[in-house]
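Welcome! Let us walk through this structure together, one region at a time.

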Amino acid sequence: GLSIKNKKAIMEMQFADFVTVGFNQIVNNLAKLHYRWGQNADVVIRMPTGAGVGAGPFHSQSNEAWFFHTPGLKIVYPSNPEEAKGLMIAAVEDPNPVMIFEHKAMYRNIKGKVSEKYYLTPIGKANLVKEGNDLSIITYGMGVHWAQKSVNDKNISADILDLRTLLPLDVNAIFNSVKKTNRVLILHEDCLTGGIGGEIAALINENCFEFLDAPIVRCASIDSPVPFAQELEKQFLANKKLDEKIDLLLNY
């Protein structure tokens, strides 16, 4: 309603899990308003997301893949404070409906310098966080920090590509990295089945097959509700298997 009256609407879900009560309004109304009758849908939806804080199955889900399948939406997912501000401003400036996934554990644990100036982090552009030659790790959100820790601990040479925007994907950045290293691991906190990693793997297979020296490897969380008990939650999360997946890829 605010958008139709030419006002900017910014709302927050409190927990991304709660988005189900507004699912129809997002995927059928906001995403299709302009396509159906030329109406702007100038809305930003903030989505506090992610596990690792012992909040249980109804307050910890990674549900970005639900919306990744919906034309008409844009999805951004910052991995650090600087980009959180830049992507938030870019989302507000964008006239389309934009969903911003904000990892709850990052609110408390990830710190960094943020300019007081007004700036944009461009929507649709990935960021090569680290450069290397042995493999490419394609990831976003908390996965960026997991990847950095594993690469540093194992002392390996790897590209770490932070997608930053999930919809639209920066496919050129993905393909350029894969063509350089010839091995790729796709990492995300969301569960494996139906996750964004499957689509990225298909894109790489269709466009970069001749450059691959090993199968595309996905590393994701277990296909299970997020456990409440923190010891079980640690077993659930994708980073538990990350070192093993990297070794599998490098030793292929």
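**A buried aspartate and its partner**

At 10% relative accessibility, Asp94 counts as buried, where buried means under 20% relative accessible area, exposed means over 50%, and partly exposed lies in between (1.4 Å probe, protein chains only). Before going further, please note that this is a predicted model, in which local features need pLDDT of at least 70 and side-chain atom pairs count only at pLDDT 80 or more, while totals for chains, interfaces and linings use all residues. Residues are numbered from 1 along each chain as its sequence is written, and side-chain values use heavy atoms, with hydrogens and water left out.

Asp94 forms a salt bridge with Lys74, and the closest N and O atoms are 2.7 Å apart. A salt bridge here is a side-chain nitrogen of Lys or Arg within 4 Å of a carboxyl oxygen of Asp or Glu. Asp94 lies in the loop between α4 (81-93) and β4 (98-103), and Lys74 in strand β3 (residues 74-76), so the pair ties together parts that are 20 residues apart in sequence. The names of helices (H or I, at least four residues) and strands (E, at least two) come from DSSP runs, numbered from the N terminus. Unlike the buried Asp94, Lys74 is partly exposed, with a relative accessible area of 21%.

Other salt bridges can be found too: a search of the whole structure finds 9. One of them joins Glu83 and Arg164, with the closest N and O atoms 3.2 Å apart. This pair links distant parts of the chain, as Glu83 sits in helix α4 and Arg164 in the loop between β7 (158-162) and β8, 81 residues apart. Both Glu83 and Arg164 are buried.

Next comes the salt bridge between Lys180 and Glu131, whose closest N and O atoms are 4.0 Å apart. Lys180 belongs to helix α7 (residues 171-181) and Glu131 to the loop between β5 and β6, so to speak of distant parts of the chain is fair: they are 49 residues apart. Lys180 is partly exposed, with a relative accessible area of 34%, whereas Glu131, at 60% relative accessibility, counts as exposed. Through shared partners, salt bridges join Glu131, Asp159 and Lys180 into one network.

Now let us turn to the sheets. Strands of a sheet pair through backbone hydrogen bonds, either parallel or antiparallel. One open sheet has 5 strands in the order β1-β2-β4-β3-β8, with mixed pairing; two strands pair if DSSP finds at least two bridges between them. β1 (9-12) and β8 (165-167) stand at the edges with a single partner strand each, so one side of each is left without a neighbour in the sheet. On average, neighbouring strands of this sheet are turned by 20° against each other, direction ignored; the axes are lines fitted to C-alpha atoms, for helices over the stretch in contact, and angles run from 0 to 180 degrees between N-to-C directions. β1 pairs with strand β2 (residues 43-49) in the parallel sense over 4 bridges, and Glu12 has Arg46 in β2 as its bridge partner.

Another open sheet of 5 strands follows the order β5-β7-β6-β9-β10, again with mixed pairing. Its edge strands, β5 (127-130) and β10 (217-221), each pair on one side only. Here the average turn between neighbouring strands is 25°, direction ignored. Strand β9 (residues 184-191) runs parallel to β10, joined to β10 by 4 bridges, and Leu185 stands opposite Val217 in β10. Helix α10 (residues 242-250) packs on this sheet, touching β6 (135-139), β9 and β10, and its direction makes about 155° with that of β9; contact means heavy atoms within 4.5 Å.

Finally, visit two loops. Asp17 is found in the loop between β1 and α1 (23-30), and at 5% relative accessibility Asp17 counts as buried. The side chains of Asp17 and Gln61 are joined by a polar contact of 2.8 Å, meaning a pair of N or O atoms within 3.5 Å; within protein, one must be able to donate a hydrogen and the other to accept it, and residues adjacent in sequence count only if both atoms are side-chain atoms. Ser60 lies in the loop between β2 and α3 (65-68) and, at 1% relative accessibility, counts as buried. The side chain of Ser60 reaches the backbone oxygen of Gly56 at 2.7 Å.
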